[in-house]
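Biologist: Please take one part of this fold and go through it closely, strand by strand and then side chain by side chain. I would like to know how the pieces are joined, and where I should be careful in reading the coordinates.

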Amino acid sequence: MKHTLIVILLLTASGYLSQPNQAQSDEKVYLGKEVDTKVKILSQPKADSTFEATRNHVVGVVTLTAVFTGSGEIRNIEVVHGLPAGLTENAIAAARKITFTPAIKDGHPVSQEMQLEYSFALTERIIHGQNFPKLFYDLSCHDYSNIAPNNMVFFTSEKEAKKAGYKKSKRCP
């Protein structure tokens with residue numbers, strides 16, 4: 001078993017086995033400012049919320065980067081900022097379903113890297129908190145964006161947060 005694992009690691013490192021999220025070719029990936037015509041999104045499915053996210057009042061924005069290839073595929077999806085409760089996974093799944101017209105450079109379709117954002121919101125008021133240290137951020141304080149997804153907690157009121165043992169962040173006005 002240990003020998004097999006070492007062989008797989010060596011094959012992966014040497015390039016014989018490619019990682020699933022890795023581009024299959026060495027084709028250059030351009031930024032938007034480097035192409036003559038940028039990628040044109042034809043359809044971008046909405047990312048659905050999850051029952052767990054709704055139940056736990058999880059809100060925010062999932063930010064991804066992805067390579068839109070000249071052949072019409074979406075590859076190398078990476079998470080810049082995620083959210084818990086399955087929202088990051090749903091955003092990635094939605095990103096894979098995007099249809100688009102490839103970027104053009106010198107008359108040929110080329111690959112272009114782009115950033116994608118998927119917003120998740122509820123109709124009720126949400127207060128962000130973090131499990132460690134036990135702090136919450138009120139609506140006037142947007143300092144919650146650096147909380148790791150696995151450290152996030154959500155409340156519908158300051159009273160609820162305080163009742164759960166959380167204190168208001170000193171960074172909030």
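Modeller: In this predicted model, four strands make up an open sheet of mixed pairing, ordered 10-8-9-11. Its edges are strand 10 (152-155) and strand 11 (167-168); each has a single partner strand, so one side of each lacks a neighbour in the sheet. Within that order, strand 8 (residues 127-130) pairs with strand 9 (residues 135-137) in the antiparallel sense, over three bridges. One position to look at there is His128, which stands opposite Tyr137 of strand 9.

For the close look I would choose strand 3, which covers residues 60-68. Seven of its nine residues are buried, so the strand is largely enclosed by the rest of the structure. Strand 3 pairs with strand 7 over nine bridges, in the antiparallel sense. Strand 3 is also joined to strand 4 (residues 74-81), with five bridges and again an antiparallel run. Leu64 shows both pairings: its bridge partner in strand 7 is Leu116, and its bridge partner in strand 4 is Val79. Strands 3 and 4 form a hairpin, with five residues between them. Gly72 is in that turn and has a positive phi of about 95°.

At the end of strand 3, Phe68 takes part in one of the structure's two aromatic pairs. Its partner is Phe100; the ring centres are 4.9 Å apart and the planes are at 80°, which makes the pair edge-to-face. Phe68 belongs to strand 3 and Phe100 to strand 5 (residues 99-101), so the pair ties together parts that lie 32 residues apart in sequence. Both rings belong to buried residues: Phe68 has a relative accessible area of 0%, and Phe100 has one of 9%.

Phe68 is also among the residues touched by Ser111, which is found in strand 7 (residues 108-120). Ser111 has a relative accessible area of 1%, and it counts as buried because that value is under 20%. Leaving aside residues up to four places away in sequence, the contacts of Ser111 include Val67, Thr69 and Gly70. Ser111 also touches Glu27, Lys28, Val29 and Tyr30. With Glu27 there is a polar contact between the two side chains, at 3.2 Å. Two other residues that Ser111 touches, Lys28 and Tyr30, have an arrangement of their own: the charged end of Lys28 sits over the ring of Tyr30, 5.0 Å from the ring centre.

A contrasting position is Asp106, in the loop between strand 6 (103-105) and strand 7. Asp106 has a relative accessibility of 60% and therefore counts as exposed, the cut-off being over 50%. Its C-alpha atom is separated by 8.2 Å from that of Val35, although the two residues are 71 apart along the chain.

As for caution, the mean pLDDT of the protein is 83, with 83% of its residues reaching 70 or more. Residues 1-24 are another matter: the pLDDT there is below 50, and the stretch has 14 contacts in the model beyond near neighbours in sequence. Where pLDDT is low, predicted coordinates should not be read in detail.

Technical notes: Residues are numbered from 1 along each chain as its sequence is written. Side-chain values use heavy atoms; hydrogens and water are left out. Rings of Phe, Tyr and Trp (its six-membered ring) pair if their centres lie within 6.5 Å; planes under 30 degrees apart count as stacked, over 60 as edge-to-face and the rest as tilted. Helices (H or I, at least four residues) and strands (E, at least two) are DSSP runs, numbered from the N terminus. Buried means under 20% relative accessible area, exposed over 50%, partly exposed in between (1.4 Å probe, protein chains only). A charge sits over a ring if NZ of Lys or CZ of Arg is within 6 Å of the ring centre and within 35 degrees of the ring normal. A polar contact is a pair of N or O atoms within 3.5 Å; within protein, one must be able to donate a hydrogen and the other to accept it, and residues adjacent in sequence count only if both atoms are side-chain atoms. Contact means heavy atoms within 4.5 Å. Two strands pair if DSSP finds at least two bridges between them. pLDDT is the predictor's confidence in each residue, from 0 to 100.
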